[in-house]
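Subject: The structure, and what turned up in it

Hi there,

Here is the structure I said I would pass on to you. Please have it open while you read, and my notes follow below.

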Amino acid sequence: EWNPKPVRVGPHTVRSQGIACFWKNSTPPTDAVSGAIVTFSADGSLNLSTGVVEMGSGSPSHLAEMLADRVGVSVDQVRVVMDIDTRSHPKHYKTVASLSGYIAGRAVMRAADDLLRQLRQIGAEALCCFPEEIEIHDSKVYARSDPEVYIHFKDIVHGYKTPQGTSIGEPVIGRGSVMLKGLSEL
């Protein structure tokens, strides 16, 4: 019933048919990347650095929650560094709300896994067990077989000093990154 001719239906009103199109997308480029770096403060709290700029989507909150959950700490133990400096922060391809949560979130999870691996390695050496036996929770590193003997993050994240005075490990710095794969140009 296509009729493109306008029909007057009132003194100042016409009715007609037409086609309108609108295209809005946040389709990322085929090389979209995001990175995350996690460091520790002297008190054992975590510092998260990404290139994500907050524009109202809640990125600092949800990235902090993801990191806290993965590492097994309270979210108030995570500080998200928001003063972005493109010379020193990991690259994030652009601010696009939920897509930032997706790719930056994956980078944060990879950074968390990287620092957990390092903590397990140092903890295993300090507690004389295998890395697979190390548990990490509530800002503590301990052997699964004896959770009452633990090392607090503040005493291990910058290297561990044994009761005999020798040092084990190095400062723990978690890094993670993501590049989207399998995309093609529209």
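To begin: how far apart are the end C-alpha atoms of α2, and what should its 30 residues span at 1.5 Å a residue? The 30 residues should span 44 Å, and the end C-alpha atoms of α2 are 41 Å apart, which agrees. Do keep in mind that this is a predicted model.

While we are on α2, which runs over 98-127, two of its residues deserve a look. Asp114 lies in this helix. With a relative accessible area of 16%, Asp114 falls under the 20% cut-off and therefore counts as buried. Beyond its neighbours within four places in sequence, Asp114 is in contact with Ile173, Gly174 and Arg175.

The other residue is Leu127, also in α2. Leu127 has 21% relative accessibility, so it counts as partly exposed. Setting aside neighbours within four places in sequence, Leu127 is in contact with Ile134, Val141, Tyr142, Ala143, Val149 and Ile151. One of these partners, Tyr142, is 15 residues away from Leu127 along the chain, with 7.5 Å between the two C-alpha atoms. Just after α2 comes Cys128, which takes a positive phi of about 55 degrees.

Now to α1, which covers 59-71. Its 13 residues should span 18 Å at 1.5 Å a residue, and its end C-alpha atoms are 18 Å apart, so the two figures agree. Which residues of α1 are buried? They are Ser59, Leu63, Ala64, Leu67, Ala68 and Val71. These residues cover an arc of only 150 degrees around the axis, which means that they sit on the same side of α1. The general background is that an α-helix has 3.6 residues a turn, so residues three or four places apart point the same way. As for what covers the buried residues of α1, the list includes β3 (33-40), β4 (46-50), β5, α2 and β6 (134-137). Just after α1, Gly72 takes a positive phi of about 80 degrees.

There is some empty space to point out as well. Searching the whole structure for cavities of 30 Å³ or more finds 1. The largest cavity holds about 40 Å³ of space. What lines the largest cavity? The residues are Thr50, Val52, Ser59, Pro60, Leu63, Val80, Val81, Met82 and Ile84. By class, this lining has 7 nonpolar residues, 2 polar ones and no charged ones. Both α1 and β5 (78-81) supply at least two residues each to the lining, and α1 gives the most, with 3 residues. Ser59 and Leu63 are among the lining residues, and both also appear among the buried residues of α1.

Lastly, have a look at the loop between β6 and β7 (140-143), where Asp138 is found. Asp138 has a positive phi of about 55 degrees although it is not a glycine. Ser139 is found in the loop between β6 and β7 too, and Ser139 has a positive phi of about 60 degrees, again without being a glycine. Are these two residues buried or partly exposed? Asp138, at 46% relative accessibility, counts as partly exposed, whereas Ser139 is buried, with a relative accessible area of 6%.

Happy exploring, and all the best!

Note on methods
Residues are numbered from 1 along each chain as its sequence is written. This is a predicted model: local features need pLDDT of at least 70, side-chain atom pairs count only at pLDDT 80 or more; totals for chains, interfaces and linings use all residues. Side-chain values use heavy atoms; hydrogens and water are left out. On a 1 Å grid over the protein atoms alone, a cavity is a set of points where a 1.4 Å probe fits but cannot get out, and a pocket is an open set with protein on both sides within 12 Å along at least five of seven lines; lining residues have an atom within 4 Å of a point. Grid points are joined across faces, edges and corners, and a volume is the space filled by probe spheres set on the points. Helices (H or I, at least four residues) and strands (E, at least two) are DSSP runs, numbered from the N terminus. Ala, Val, Leu, Ile, Met, Phe, Trp, Tyr, Cys and Pro count as nonpolar, Asp, Glu, Lys and Arg as charged, and the others, Gly among them, as polar. The expected span of a helix is 1.5 Å times one less than its number of residues. Buried means under 20% relative accessible area, exposed over 50%, partly exposed in between (1.4 Å probe, protein chains only). The arc is that of the directions from the helix axis to the C-beta atoms. Contact means heavy atoms within 4.5 Å.
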